[in-house]
Amino acid sequence: DSSGAGRNKGLGTLGGYESVAVDISNNNLIVGWAENTSRLRRACIFDITGNGNNLDLGTLGGNTATAYQVNDGDLIVGYAQNNAGYQVACLFDASGAGNNINLGTLGGTRSYALGINNDNQIIGWALTNSGDRRACLFDITGNGANIDLNSLIDPALGWTLTAAHAINDYGWIVGEGINSNGE
């Protein structure tokens with residue numbers, strides 16, 4: 001309760017013990033993760049009323065998933081475990097029907113989608129085929145046309161972008177990187 005009047009609501013779980021609400025849209029869609037009865041973390045949409053009618057968003061064939069962000073079009077991104085057991089960037093089906101989209105990597109085995117703006121641009125990080133972690137702009141269709149954000153900066157600057165954490169509606173991206181001095 002932002003008024004400070006103490007009318008806070010517990011949002012519950014998916015039958016387990018723990019949950020974390022990570023993001024809320026301007027449409028009041030709350031996403032994050034909650035434990036199910038098997039104590040596995042699952043991406044979920046929380047029931048804003050606090051009545052516990054939370055929706056498990058499924059995975060990509062594995063056991064766990066986490067939702068990190070939702071935009072005002074109710075598109076939800078995060079990661080989901082695939083059949084091989086790797087955590088891969090995911091665009092979740094907000095209906096809970098399991099039609100989740102594997103957003104892929106940059107040739108490696110793992111990736112995380114950490115943000116999405118209202119233009120449906122999805123950012124995060126992905127491993128390359130050599131195992132290096134790189135900041136990534138994901139192809140929303142899941143067809144693999146992902147972009148290593150390092151290809152969009154001047155290499156003479158000496159930076160390697162390792163993760164993109166958020167993107168605004170202007171397309172500005174914040175994240176992390178390392179330069180040749182180890183900073």
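I take two strands as paired if DSSP finds at least two bridges between them. The model I examined is a predicted one.

**Entry 1: the sheet β1 to β4**

I began with the N-terminal strands and asked in what order they are arranged. I found an open sheet of four strands in the order β1-β2-β3-β4, with antiparallel pairing. At its edges I noted β1 (15–24) and β4 (55–56), each of which pairs on one side only.

I then looked at how β4 is held. Strand β3, residues 41–46, pairs with β4 in the antiparallel sense over two bridges. Within this pairing, Cys44 has Asp56 of β4 as its bridge partner.

Asp56 appeared again when I searched for charged pairs. Asp56 and Arg42 form a salt bridge, with the closest N and O atoms 3.5 Å apart. Because Asp56 lies in strand β4 and Arg42 in strand β3, the pair ties together parts that are 14 residues apart in sequence. I checked the accessibility of both partners. Arg42 is buried, at 14% relative accessible area, whereas Asp56 is partly exposed, at 25%.

In β3 I also looked up Arg41. Its charged end sits over the ring of Trp33, 3.8 Å from the ring centre.

**Entry 2: strands β6, β7 and β8**

I turned next to β7, residues 87–92, and asked how many of its residues are buried. Five of the six are buried, and I recorded the strand as mostly covered.

I followed the neighbours of β7. Strand β6 (residues 76–82) runs antiparallel to β7 and is joined to it by six bridges. Ile76 stands opposite Phe92 of β7. The two strands form a hairpin with four residues between them. In the turn, Gly85 has a positive phi of about 90 degrees.

β7 is also joined to strand β8 (residues 101–104), through three bridges and again in the antiparallel sense. There I found Ala89 opposite Gly104 of β8.

**Entry 3: the sheet β9 to β12**

I asked which strands stand at the edges of the sheet that contains β11. The sheet is open, has four strands in the order β9-β10-β11-β12, and is paired in the antiparallel sense. β9 (107–116) and β12 stand at the edges with a single partner strand each, so one side of each has no neighbour in the sheet.

For the β12 edge I looked up the pairing itself. β11 and β12 run antiparallel and are joined by two bridges. Leu137 has Ile147 in β12 as its bridge partner.

**Entry 4: Asn150**

I looked up Asn150, which is found in the loop between β12 (147–148) and β13 (159–167). Is this residue buried or exposed? Asn150 counts as buried because its relative accessibility is 17%, and the cut-off for buried is under 20%.

I then listed what surrounds the residue. The side chain of Asn150 makes a polar contact with the side chain of Asp148, at 2.8 Å. Leaving aside residues up to four places away in sequence, Asn150 touches Arg134, Ala135, Trp159, Thr160 and Leu161.

**Entry 5: salt bridges around β11**

I counted salt bridges over the structure and obtained four. The bridge between Asp56 and Arg42 is described in Entry 1.

Another joins Arg134, a contact of Asn150, to Asp132, with the closest N and O atoms 3.8 Å apart. Asp132 is partly exposed, at 34% relative accessible area.

I also found Glu176 in a salt bridge with Arg133, where the closest N and O atoms are 2.9 Å apart. This pair links distant parts of the chain, since Glu176 is in strand β14 (residues 173–179) and Arg133 in strand β11 (residues 133–138), 43 residues apart. Both partners are partly exposed: Glu176 has a relative accessible area of 34% and Arg133 one of 31%.

Arg133 has a further partner of interest. Arg133 lies over the face of Trp125, at 5.2 Å from the ring centre.

**Entry 6: aromatic pairs**

Trp125 led me to the rings. My search of the whole structure gave five aromatic pairs. One of them is formed by Tyr170 and Trp172, whose ring centres are 6.5 Å apart; the planes stand at 50 degrees, so the pair is tilted. Tyr170 and Trp172 are both exposed.

Finally, I asked which residues are linked into a cluster by ring pairs. I recorded Tyr68, Tyr79, Tyr112 and Trp125.

Notes: Residues are numbered from 1 along each chain as its sequence is written. This is a predicted model: local features need pLDDT of at least 70, side-chain atom pairs count only at pLDDT 80 or more; totals for chains, interfaces and linings use all residues. Side-chain values use heavy atoms; hydrogens and water are left out. Buried means under 20% relative accessible area, exposed over 50%, partly exposed in between (1.4 Å probe, protein chains only). A polar contact is a pair of N or O atoms within 3.5 Å; within protein, one must be able to donate a hydrogen and the other to accept it, and residues adjacent in sequence count only if both atoms are side-chain atoms. Contact means heavy atoms within 4.5 Å. A salt bridge is a side-chain nitrogen of Lys or Arg within 4 Å of a carboxyl oxygen of Asp or Glu. Rings of Phe, Tyr and Trp (its six-membered ring) pair if their centres lie within 6.5 Å; planes under 30 degrees apart count as stacked, over 60 as edge-to-face and the rest as tilted. A charge sits over a ring if NZ of Lys or CZ of Arg is within 6 Å of the ring centre and within 35 degrees of the ring normal.
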